[in-house]
Amino acid sequence: MKFYFKIIFILFILFAFNNQRIEAGEKNKELLKVDWSFKGIFGKFDRASLQRGYQVYSEVCASCHSMKLLSYRNLAEKGGPEFSKEQAKAIASNFELTDGPNSDGEMFTRSAKLSDKFVEPYQNIEEAKASNGGSYPPDMSVLVKARSGGANYIYSVLLGYDNPPSDVTIADGVYYNTYMIGNKIMMPNPLSEGLVEYNDGTKATKEQMAKDVVTFLAWAAEPHLEARHKIGFKAIIYLIILSILAYFSMKRLWSRVEPEV
Amino acid sequence: MSDQKKPKRRDFLYTASYAFGAVGVGAAIWPLIDQMNPDASVKALASTEVDVSLIEPGKSITVLWRGKPVFIKRRTQEEIAEARSVELDDLIDPEKDEDRAKNPEWLVMLGVCTHLGCVPLEDKGDYNGWFCPCHGSHYDTSGRIRKGPAPQNMQIPKYEFVNNNTIKIG
Amino acid sequence: MSDHNYVPSSKLGKWFNDRLPLLSLSAHLREYPTPKNLNYWWTFGGILTFCLLGQIITGIVLAMHYVAQADLAFESVEHIMRDVNYGWLIRYFHANGSSMFFLAVYIHIFRSLYYGSYKSPREVIWIIGMIIYFLMMMTAFMGYVLPWGQMSFWAATVITNLFSAVPLIGESITNWLWGGFAVDSPTLTRFYALHYLFPFLILGLVILHIWALHVPGNNNPVGIEVKKPSKDTVPFHPYIVIKDLFALLVFLTLFAFFVFYAPNLLGHADNYIEANPLVTPTHIVPEWYLLPFYAILRSIPDKLLGVIAMFASIFVLVILPWLDTSKIRSALFRPLYRQFYWLLVLDVLVLGYMGALPPEGIYLLIARVATAYYFIHFLVILPVLGFKEKTIPLPLSISEPVLNESIDGAQNNKMST
């Protein structure tokens, strides 16, 4: 009987997981899987990949996609791409933004500082829509967490452009994507072989660029992931040891109570 | 009791459990305390650049830096002379004007009274400097405390001249 | 009970205790005689206390950084996640804490159902518990709205629209709830205010819940009254305290796994998209712990009746002590009830499962059958079972060697009911 009880209990927990699986399971096709370095108990970001990923983002994506929750200082913070402070400053100074008002009551333009948020490509969502055929290129700050399937999904979409099957008609300005929900995407295929030139000499294949930029986006969505994994490991080990201590303390205490409990 | 050794072993187990548990409680409390410290976005706002080209001699401006007012005063020759002629022995918090204003024409200091944090008024008080209306502290033309309850001179923040017209505070 | 004649040893203690008997209270809590045969399912009361306090503490901390305004809410949550020192830890604790809280409360409730803890003389404990459960659902729902993601917004829209089912005044009620003509900033701000308030109401009710528990004392796996306190019970401290602590630590290990390694597993990806009143997500689901009720709501084709059925499914629990006509508490001695109990567990799991699926075709049919069975269990089976069931003889006392495992086997016992 007790055993039965336990089984049901375990099923109950598994169930909670499963519900999520079902929701996620409405996909068209099995996603491409990448062995991400940031998955798993000791998962960490690959610094070089993050730096390359930033390069892909800034050269390819940033003209349409904002990342308004990030600041330039983040690029130099621990657990991220870890550019040097000077590099991050140099990156920031490439961007201009409107500040003010000054003492004359006028707005002025200045170059961005470390403390500034990433400068957005458009003034507002309406402009972004108007410039992109009526469809808003989503902000990419938490994009990896905002799509079920996460990093694999975005990686798959980046590499999922294909000719539509014969039974599917696609309007102008819409593209066919194997992995996109509904298969229709407004974004033209952003990646092509050798599109960017990596400073570290890595060959810029489509797969490489997709992997790098998704790594960058995964960090952007979860900037404290490395700290989380590190503290988490310690916390769980600690809890297990303390549970064992508590267990033996309990056994010893209860040994005073006459048996048959 | 079955034997005499048992209590000792038991004590060790309990003590170890208590001690180990206390460490964990401490570790769990720290994030709850640390979250109230200045966060990363606040710490990043460390420096402000100010254009001072339009300030006439004898005039001052007040700018906000880290949420506090900073007085930037372009002093006249008389004010400089007055500040530099004071004997250190007459001061509550002895400090040379030369140390407070590296470039004697410019006095840059936190406009916060060192008594309880009010903002002193300019060109008031017995020493031609600043006067704090909250509890009557008098500061001289170098921002040094001369009379009243404040214990220290007004603080000088870290700053530098980026060029002749621009001061970077912080 | 022993605390009535508790006298503090120090003079100061006595002076204080005569004026405010906190020391007596503390002595009572320490000495509170607890049946010694409680199993680990009884540790969830302590675990729940921890969950409530953990949610209140982390919640107050989050409130120091959160902004309850539609334009800023989403960003302020991300500010917590990115910039505030350990903000990510505190928020993930709070977000997963609600799931752990509900996991524990469901175990707690189903333990009560199995061992008949809701029966006389513990009906008031049970009813207070149900009120707590209801307030928990309200609190969790309003808390889910605060990040102002897509799921937040649409959950708020859908749930508040339940009230539009009320005839005649439905629209006035929803407008009143929203503070406008749709879910918007005023709604967010009031949900925040109430989300902050409710946990303290729950805390007050928890104190009453424990107070009501300490009048008759704990039920226990055998479901019979304590006969001889000296033989059948142990003092709460240290015996039950250490046992609860051990269970709590094991629970915390699971909790920590979620917080540190799967913090978004129980959430929904759409809630990382900022709320947009113009676009509804393709598939709206509530958090997992509300799914069974969601399934009941959707399985009724009529709007008003669906809402009534959903609320009735909770209300039926409130009157449970009077629906169950059996005098025997523990399912250990009720072979038939035991089977129906597991059927109910299965039924609720099925309802939860269906709540996550789109309400179409076979799913809808299954959900309807499950909904019907849910009500039949409480309204028909339980009342009838009390009269029809042939129960197994109860042991004489808690201390009597109780053969939990061999109960299904041959019984030759002295006492029968």
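How much area do chain C and chain A bury between them? In this predicted model, the figure is about 5,700 Å², with 72% of that area on carbon and sulfur atoms. Chain C brings 62 residues to the contact, and chain A brings 57. If you want a place to start looking on the chain C side, try C:Arg82, C:Tyr261 and C:Trp342: together they supply 15% of the area that chain C buries against chain A, more than any other three residues.

Now for the polar side of that interface. There are two salt bridges between chain C and chain A. In one of them, A:Arg73 pairs with C:Asp83, with 3.2 Å between the closest N and O atoms. Polar contacts between chain C and chain A come to eleven residue pairs, both residues being at pLDDT 80 or more. As for the secondary structure behind this surface, helix 4 (73–82), helix 5 (87–115), helix 11 (236–261) and helix 15 (335–356) of chain C each put at least two residues into the side that touches chain A. Helix 11 of chain C has the largest share, at 16 residues. Sorted by class, the side of chain C that touches chain A holds 44 nonpolar, seven polar and eleven charged residues.

Let's stay with chain C and look inside it. The chain splits into domain 1 (35–284) and domain 2 (290–392 + 404–417), and the C-alpha centres of these two domains of chain C are 23 Å apart. Where they meet, 33 residues of domain 1 of chain C touch 34 residues of domain 2 of chain C. Between them, the two domains of chain C bury about 2,900 Å², 69% of it on carbon and sulfur atoms. Two salt bridges link domain 1 and domain 2 of chain C. You can also find C:Asp324 and C:Lys119 joined by a salt bridge through their side chains, at 3.1 Å from N to O. Add to that 15 residue pairs in polar contact between these domains of chain C, again with both partners at pLDDT 80 or more. On the domain 1 side, helix 5 and helix 6 (123–145) of chain C are the elements that give two or more residues, and helix 6 of chain C gives the most, with seven. That face of domain 1 of chain C has 21 nonpolar, seven polar and five charged residues.

Chain A has a domain split too: domain 1 (27–70 + 117–223) and domain 2 (224–261). Here the C-alpha centres lie 43 Å apart, and the contact takes ten residues from domain 1 of chain A and six from domain 2 of chain A. These two domains of chain A bury about 770 Å² between them, 56% of it on carbon and sulfur atoms. On the domain 1 side, A:Ile41, A:Glu222 and A:Pro223 supply 47% of the buried area, more than any other three residues. A:Glu222 also forms a salt bridge with A:Arg228, the closest N and O atoms being 3.3 Å apart.

Finally, a word on chain B and how confident the prediction is there. Its mean pLDDT is 88, and 94% of the residues of chain B reach 70 or more. Strand 6 (residues 130–132) of chain B has the highest confidence, at 94, while strand 1 (residues 48–51) of chain B has the lowest, at a mean of 82. Residues 1–5 of chain B have pLDDT below 50, and beyond near neighbours in sequence this stretch has one contact in the model.

Conventions
Residues numbered from 1 in each chain as written. Chains lettered and ligands numbered in written order. Heavy atoms only, no water. Domains from an automatic or database assignment. Contact = heavy atoms within 4.5 Å. Buried area = accessible area lost by both parts, 1.4 Å probe. Salt bridge = Lys/Arg side-chain N within 4 Å of Asp/Glu carboxyl O. Polar contact = N/O pair within 3.5 Å; in protein donor to acceptor, adjacent residues only side chain to side chain. Helix = DSSP H or I, 4+ residues; strand = E, 2+ residues; numbered from the N terminus. Nonpolar A, V, L, I, M, F, W, Y, C, P; charged D, E, K, R; others polar. pLDDT = per-residue confidence, 0-100.
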